[in-house]
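Fancy a few worked exercises on pockets, strands, cysteines and rings? Grab the structure and try each task before you read its solution.

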Amino acid sequence: MLKKIIIISFILISGVLYSQEKSAIELIRLLDSYEPKTQSSTMHMVIENGSRIYTNVIKEWKEGNTKTLYEFSGLNQSGDKFMQLGKKAWLYSADMEEVLPMSKHMLRESAFGSDMTFEELAEGVTLEKRYTGTLMPTDPQFPDAYVLELIARKKSESVQKKIIYIDREGLYSIKSYDYTPSGALLKETIILERVNIDGYIIPVKLVTKDSFKKGSSTTIEWSELEINKPINKSIFSMSRFGE
Amino acid sequence: MFRYCILIIVIVGANYLFSETGYKFRGFVESTGRLNLSLDNTDPNSINREFNQGFFTLSNQYIKIKPESGMTIVASINQTILSGVSTEEYERIQDSSPGFYNVYDYYILGLDIERLYFNYRINRVKVALGLQRLSRGFNFAFTPFDFLGNEGKLSLVTEYETTDFSSLALYFIPSEDPMEKEIWSSTSGILYKLYGGFVDFQAQYNLFFPKVYDGDFNHLLGVAFKGDFIVGLSSEITYRLNEECLDLSIGLDYTFYFDKELHIMCEYFFNGAGLSSGSDWQLGSTELYLFRHYFYGSLDLTVTDDLNMKLSGIYSPETLSGIGMYECNVRVSDSSTFTCEINVPMDKNAWDIDDIDIKDIGEYGPLRVGDELELSFIYKIRY
């Protein structure tokens, strides 16, 4: 009798526990929900390349997934700006006082020598529209993390496969791996620090390594972070370039 | 020189005294050493080879002051130090602009205000007056639409932003002769820019005043666009009404990604005013483009974040000549780069110039350019 009670209890408890497990689509939607409507901040980008260290200070404005502006103040790009609006992007050269339209293929170039591309700098999350997800078996090294595999819906997506580790308790991203269409590891990103502002869990420090660049890593730290505050319309206009 | 120092001190000092909403100051120093295997082509029947050297240092200070909301003052000042083969520019303009350079024992010092203008914005209207760049167009090597070039032009520009991504500018550029008091020889025009549509688009109309009172006005119409059609496609077209002359350039570019980045670009130029035959031209002509058709191509390989190599060339099919260029850029530190450049002018008789007939000299060949080979080492540091 006692044996039956224990078995029934085990089945019931297991059922309750199982029902708390998140599905892949729930996790994708959860990560997407952390994307604020607007974000403005200052990014300190430290690029380590072997024994050399380069720094960039970038002011950032983002509105949804379609509008992004970066203003650079590092020595090599002082006054340069990068703006992306939907599928169009432009680079403003402060030296030349010229606006240079960027073709889509150029967005995959390294952004100012960092381990990130222009595309990655500007992209929002919107994982659900771009990827289909599957929950992978738990990684024994990270038993407290969901392992979510994402496969691109379109062949044109520059990252065809992503694997994201998500903390089971906090439900935030811990680290991610990006893969090329051929299956080779492209990039590893580890989120070192994050903040929770009104339920939006936003990374404030991360390190990313491009596996094609040996000995190279880029650490990005965000400060003066403001989210969901109206951004002046003139920020995302051509007149901003001449400012 | 003393006056320039005073000007720099006054501008920098004005930052601190009058700037209410901030200022930006930046600059660079670029030092170039040149080795040059040149040809003395004054007599094509007796060519002498010379092995030359030269130094060229360019120092730039750029200052942008915002004394009050809506107002901006921009000043960009260049100082150049020249010696050896780098003094060719001095030799070219010393008669017309004697005050531009000062000659010292070991070098020639050049002083130049590259830009000096103020800009005032009221809502969507912007007025800019002074020495400023009026750059336009999208192409890299052949830019008929950007006929004013990158140099600062003394001008008045009034720009109205029709939307957040389009603008209409009216401008007036006085004669290039600073002593000219009358309105003749001036240029005025309208430039429309549109960003963010199906393609980025620009259109312009220019009215060239005659050089004398009873001369003819000239007109230039032009359009330019850049679009994204798997590869980047750009084009610039201009038409001069009086000369009935059409200029056209078309460019394509694409980036390949493997463990490195390879950016490929090519451009074609139809020069309407150019000669159609390769036999009827003057060796001493200073025109940049003498013939009808030109091609440009480049392969730009980013090997690592610190190392970039570029192979490029310009080719004139009418004279079967061209210039091959190799460039290697190394990022030395956060603020400095080292560049090595090799320029090789070539034509169909490139390896047999001693017995060349004057009819066979290529437009970009060693005998016209005056060099067989030029090697440059450039160190640039920003601050």
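Here are five exercises, each followed by a step-by-step solution.

This is a predicted model, where local features need pLDDT of at least 70, side-chain atom pairs count only at pLDDT 80 or more, and totals for chains, interfaces and linings use all residues. Residues are numbered from 1 along each chain as its sequence is written, chains are lettered from A and ligands numbered from 1 in the order in which they are written, and side-chain values use heavy atoms, with hydrogens and water left out.

**Exercise 1. The second largest pocket**

Task: work out the volume of the second largest pocket and which elements line it.

Solution.
- Step 1: get the rule straight. On a 1 Å grid over the protein atoms alone, a pocket is an open set of points with protein on both sides within 12 Å along at least five of seven lines, a cavity is a set where a 1.4 Å probe fits but cannot get out, and lining residues have an atom within 4 Å of a point. Points are joined across faces, edges and corners, and the volume is the space filled by probe spheres set on them.
- Step 2: read off the volume, which is about 1,200 Å³ for the second largest pocket.
- Step 3: look at the middle. Of the 36 lining residues, Gln84(A), Lys87(A), Lys104(A), Glu119(A) and Glu157(A) are the closest to the centre.
- Step 4: pick the elements that give two or more residues. These are α3 (118–122) and α4 (127–130) of chain A, plus β11 (218–229) and β13 (245–257) of chain B. Helices (H or I, at least four residues) and strands (E, at least two) are DSSP runs, numbered from the N terminus.
- Step 5: sort the lining by class. The pocket has 9 nonpolar, 12 polar and 15 charged residues, with Ala, Val, Leu, Ile, Met, Phe, Trp, Tyr, Cys and Pro taken as nonpolar, Asp, Glu, Lys and Arg as charged, and the others, Gly among them, as polar.

**Exercise 2. The second largest cavity**

Task: find which element gives the largest share of the lining of the second largest cavity.

Solution.
- Step 1: count. There are 4 cavities of 30 Å³ or more, and the second largest holds about 90 Å³ of space.
- Step 2: check who lines the second largest cavity. Both chains show up, with Lys87(A), Lys104(A), Asp200(B) and Lys226(B) among the lining residues.
- Step 3: compare elements. β5 (88–93) and β6 (98–102) of chain A and β11 of chain B each give two or more residues, and β11(B) has the largest share, with 3.
- Step 4: add the classes, which are 3 nonpolar, 2 polar and 6 charged residues.

**Exercise 3. The neighbours of β11(B)**

Task: find how many bridges join β11(B) to β10(B) and to β12(B).

Solution.
- Step 1: recall that two strands pair if DSSP finds at least two bridges between them.
- Step 2: take β10(B), residues 200–208. This strand runs antiparallel to β11(B), with 9 bridges, and Leu207(B) has His219(B) as its bridge partner.
- Step 3: take β12(B), residues 231–240, also antiparallel to β11(B), with 10 bridges. Here Gly227(B) stands opposite Leu233(B).
- Step 4: inspect the turn. β11(B) and β12(B) form a hairpin with 1 residue between them, and Ile230(B) in the turn has a positive phi of about 65°.

**Exercise 4. Cysteines and odd phi angles**

Task: say how many disulfides there are, then place Asp198(A) and Glu224(A).

Solution.
- Step 1: search for cysteine sulfur atoms within 2.5 Å, the disulfide cut-off. The whole structure has 0 disulfides.
- Step 2: check Cys340(B). Its nearest cysteine sulfur, that of Cys328(B), is 6.6 Å away, and Cys340(B) is buried at 18% relative accessible area (buried is under 20%, exposed over 50%, partly exposed in between, with a 1.4 Å probe and protein chains only).
- Step 3: turn to Asp198(A), a non-glycine with a positive phi of about 50°. Asp198(A) sits in the loop between β11 (185–197) and β12 (200–210) of chain A, exposed at 70%.
- Step 4: Glu224(A) also has a positive phi of about 50° without being a glycine, but lies in strand β13 (residues 216–227) of chain A. Glu224(A) is exposed at 57%.

**Exercise 5. Ring pairs**

Task: classify the pair Phe140(B) and Tyr296(B): stacked, edge-to-face or tilted?

Solution.
- Step 1: rings of Phe, Tyr and Trp (its six-membered ring) pair if their centres lie within 6.5 Å; planes under 30 degrees apart are stacked, over 60 edge-to-face and the rest tilted.
- Step 2: the centres are 5.8 Å apart and the planes at 45°, so Phe140(B) and Tyr296(B) are tilted.
- Step 3: the two residues are 156 residues apart in the chain, and Tyr296(B) is buried at 8%.
- Step 4: try Tyr254(B) and Phe256(B), at 5.0 Å and 75°: edge-to-face.
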